[in-house]
Amino acid sequence: MRPLSIDGAWVHETRVFADHRGSFVEWFDGDAFHEAVGADLRLAQANCSVSRRGVVRGVHYADVPPGQAKYVTCVRGAVLDVVADIRTGSPTFGQWDAVRLDDGTHRCVFLSEGLGHAFMALTAESTVVYLCSEGYAPRREHGIHPLDASLGIEWPVDRPPLLSDKDAAAPTLIEAERGGLLPAYAACRAHRLRSASRSSGNASTRA
């Protein structure tokens with residue numbers, strides 16, 4: 001796993017083993033994850049979405065605490081996966097990073113609590129699966145408009161992006177900040193430190 005340009009986000013470059021039968025990939029390794037992130041991934045929910053080419057989902061995030069960390073991969077087709085820093089007070093506030101996830105490389109992206117997440121389907125029937133640290137809670141869920149010019153995500157557009165009604169009605173980053181809807185960088189870091197401390201304590205107990 002290597003860190004992305006946004007603090008709290010990593011990409012996992014997997015190894016694919018192929019032979020005459022097909023292929024095998026280990027898309028999550030708990031020990032490697034803990035070594036990179038400094039905490040274990042708490043699994044509360046696993047999701048799978050299938051999207052038409054040109055669909056954009058996001059930018060989604062949840063209130064911190066508890067937030068919702070995500071470990072994301074694409075098992076069919078390809079997507080451009082985007083991590084957006086929407087944490088007020090962050091040195092990279094308003095910036096984003098992107099990774100192509102596809103069924104050939106089987107890369108994975110992890111984003112910690114408080115970061116915004118979005119992706120665009122680059123192929124038909126793009127299938128994304130993701131592990132979540134918390135379950136879906138509608139009252140804690142929020143979004144930023146994925147085409148917000150101030151955020152400036154460079155989507156590979158060769159046709160108008162397809163958005164849900166909810167995402168199309170989402171506020172801009174500036175509007176969300178003015179409305180007090182964004183997580184604070186300090187609160188997100190404190191939450192990560194508490195998670196790392198609990199993981200260390202659990203490891204000591206197991207030992």
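Here is a short chat about a few spots in this predicted model.

User: Let's start with the sheet. What is the order of the strands in the five-stranded open sheet?

Analyst: Strands of a sheet pair through backbone hydrogen bonds, either parallel or antiparallel. Here the pairing is antiparallel. Reading across the open sheet, the order is β9-β8-β11-β6-β13.

User: And which strands stand at the edges?

Analyst: Look for strands with a single partner, since those have one side left without a neighbour in the sheet. The two that fit are β9 (96–102) and β13.

User: How much are neighbouring strands of this sheet turned against each other on average?

Analyst: Direction is ignored for this one. On average, the turn between neighbouring strands of the sheet comes to 25°.

User: Which residue in β13 does Ala 62 stand opposite?

Analyst: Strand β6 covers residues 56–62 and runs antiparallel to β13, with three bridges joining the two. Across from Ala 62, in β13, you'll find Glu 141.

User: Moving along the chain, is His 145 buried or exposed?

Analyst: His 145 is in the loop between β13 (141–143) and α2 (165–168). Leaving aside neighbours within four places in sequence, its contacts are Leu 163, Asp 167, Ala 168, Ala 170 and Pro 171. Its relative accessibility is 17%, and buried means under 20%, so His 145 counts as buried.

User: Which residue's backbone nitrogen lies 3.0 Å from a polar atom of the His 145 side chain?

Analyst: The partner here offers a backbone atom, while His 145 uses its side chain. That backbone nitrogen belongs to Leu 147.

User: What about Thr 172: how far is it from Pro 146 in space, C-alpha to C-alpha?

Analyst: Thr 172 sits in the loop between α2 and α3 (173–178), and at 24% relative accessibility it counts as partly exposed. Leaving aside neighbours within four places, Thr 172 is in contact with Ile 144 and Asp 148. Thr 172 and Pro 146 are 26 residues apart in sequence, and their C-alpha distance is 8.4 Å.

User: How many disulfides does the structure hold?

Analyst: A disulfide is a covalent bond between the sulfur atoms of two cysteines. Take Cys 74: its closest cysteine sulfur, in Cys 48, is 9.7 Å away, which is too far for a bond. As for surroundings, Cys 48 counts as exposed at 55% relative accessibility, whereas Cys 74 is buried at 0%. The number of disulfides in the structure is zero.

User: Now the rings. Is the pair of Phe 28 and Phe 33 tilted or edge-to-face?

Analyst: A pair of aromatic rings is described by the distance of the centres and the angle of the planes. For Phe 28 and Phe 33 the centres are 5.6 Å apart, with 50° between the planes. Phe 28 is partly exposed at 29%, while Phe 33 is buried at 2%. Their pair counts as tilted.

User: Which arrangement do the rings of Phe 33 and Phe 110 have?

Analyst: This pair links distant parts of the chain, 77 residues apart: Phe 33 is in helix α1 (residues 30–37) and Phe 110 is in strand β10 (residues 108–111). Phe 110 counts as buried, at 4% relative accessibility. With centres 4.8 Å apart and planes at 85°, the pair is edge-to-face.

User: Which residues do ring pairs link into a cluster?

Analyst: The structure holds six aromatic pairs. Phe 28, Phe 33 and Phe 110 are among the cluster's members. The full set is Trp 10, Trp 27, Phe 28, Phe 33, Tyr 71 and Phe 110.

Notes: Residues numbered from 1 in each chain as written. Predicted model: local features only at pLDDT ≥ 70, side-chain atom pairs only at ≥ 80, totals over all residues. Heavy atoms only, no water. Helix = DSSP H or I, 4+ residues; strand = E, 2+ residues; numbered from the N terminus. Buried < 20%, exposed > 50% of the residue type's maximum accessible area, 1.4 Å probe, protein only. Polar contact = N/O pair within 3.5 Å; in protein donor to acceptor, adjacent residues only side chain to side chain. Contact = heavy atoms within 4.5 Å. Disulfide = S-S within 2.5 Å. Pairing = 2+ DSSP bridges. Axes fitted to C-alpha atoms, helices over the stretch in contact; angles between N-to-C directions. Phe/Tyr/Trp six-rings, centres within 6.5 Å; stacked < 30°, edge-to-face > 60°.
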